[in-house]
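Colleague: I would be grateful for a close look at a single strand of this model and at the sheet and pockets around that strand. Please treat the matter as one connected account.

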Amino acid sequence: MTLELDHLVANTTSTETVRNVVTGKAQGVFQGQIRVARAAQKTDAQMACNTLLLSDESGFATKPELEIFADDVVCAHGATVAEIDEDHLFYLMARGISAKTARGLLIEAFVDEIVEELDDDALIEALEIRIADWLEANG
């Protein structure tokens with residue numbers, strides 16, 4: 001996936017958060033770029049790409065970029081690629097939760113952070129159903 005975002009005028013704000021869950025032998029790539037033009041003073045631009053790898057054979061490459069020509073801006077980008085934290089998994093299992101259910105809860109929490117930010121109830125409901133179906137089949 002490639003995402004390019006241009007801030008061309010002053011006093012603009014953008015926030016892009018991408019969440020990926022990669023399993024099996026799947027490989028993924030994200031390249032995201034924010035450009036801030038000289039005239040786009042007071043821009044606030046944030047970009048994050050967070051990826052959860054569910055197998056040793058899966059992989060993900062990220063390339064976040066900032067290109068800033070203005071002086072008075074707040075801009076940031078970041079990327080993480082990680083596996084499920086074994087300590088988190090152990091914590092849930094130590095409380096009587098099965099490994100499969102614990103793993104599903106951690107995956108769901110990872111993607112729900114994005115869903116919780118939405119304002120459209122119908123969209124939220126549709127995404128929650130899709131996430132639950134995916135977890136049932138893959139979790």
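Modeller: In this predicted model, 10 bridges join β2 to β4, and the two strands run parallel. One of the residue pairs across these strands sets Glu16 opposite Met47 in β4. Further along, Arg19 has Asn50 of β4 as its bridge partner.

The pairing belongs to an open sheet of 3 strands in the order β2-β4-β6, with parallel pairing. Both β2 and β6 have a single partner strand and stand at the edges, so one side of each lacks a neighbour in the sheet. On average, and with direction ignored, neighbouring strands of this sheet are turned by 5 degrees against each other.

The side chains of β2 deserve separate attention. In a regular strand, side chains alternate between the two faces of the sheet. The strand β2 shows such alternation: Ser14, Glu16, Val18, Asn20 and Val22 point to one face and are buried, whereas Thr13, Thr15, Thr17, Arg19 and Val21 point to the other face and are not buried. Thus Glu16, the residue opposite Met47, is on the buried face, while Arg19, the partner of Asn50, is on the other face.

Arg19 and Val21 also lead to the largest pocket, since they are among the residues nearest its centre, together with Val111, Leu127 and Ile131. This pocket has a volume of about 440 Å³ and is lined by 15 residues. At least two lining residues come from each of β2 (13-22), α2 (99-115) and α3 (121-138). The lining comprises 10 nonpolar, 2 polar and 3 charged residues.

The second largest pocket, with a volume of about 170 Å³, involves the other two strands of the sheet. Its lining includes Asn50, Leu52, Thr80, Glu83, His88 and Phe110. Two or more of the lining residues are given by each of β4 (44-53), β6 (74-83) and α2. By class, the lining of the second largest pocket has 6 nonpolar, 4 polar and 2 charged residues. Asn50 therefore has two roles in this account: as the bridge partner of Arg19, and as a lining residue of the second largest pocket.

Finally, the cysteines may be of interest. The count of disulfides is 0. Cys49 is in no disulfide, and the nearest cysteine sulfur, that of Cys75, is 18 Å away. Cys49 counts as buried, because its relative accessibility is 1% and the cut-off for burial is under 20%.

Key. Residues are numbered from 1 along each chain as its sequence is written. This is a predicted model: local features need pLDDT of at least 70, side-chain atom pairs count only at pLDDT 80 or more; totals for chains, interfaces and linings use all residues. Side-chain values use heavy atoms; hydrogens and water are left out. On a 1 Å grid over the protein atoms alone, a cavity is a set of points where a 1.4 Å probe fits but cannot get out, and a pocket is an open set with protein on both sides within 12 Å along at least five of seven lines; lining residues have an atom within 4 Å of a point. Grid points are joined across faces, edges and corners, and a volume is the space filled by probe spheres set on the points. Helices (H or I, at least four residues) and strands (E, at least two) are DSSP runs, numbered from the N terminus. Ala, Val, Leu, Ile, Met, Phe, Trp, Tyr, Cys and Pro count as nonpolar, Asp, Glu, Lys and Arg as charged, and the others, Gly among them, as polar. A disulfide is a pair of cysteine sulfur atoms within 2.5 Å. Buried means under 20% relative accessible area, exposed over 50%, partly exposed in between (1.4 Å probe, protein chains only). Two strands pair if DSSP finds at least two bridges between them. Axes are lines fitted to C-alpha atoms, for helices over the stretch in contact, and angles run from 0 to 180 degrees between N-to-C directions.
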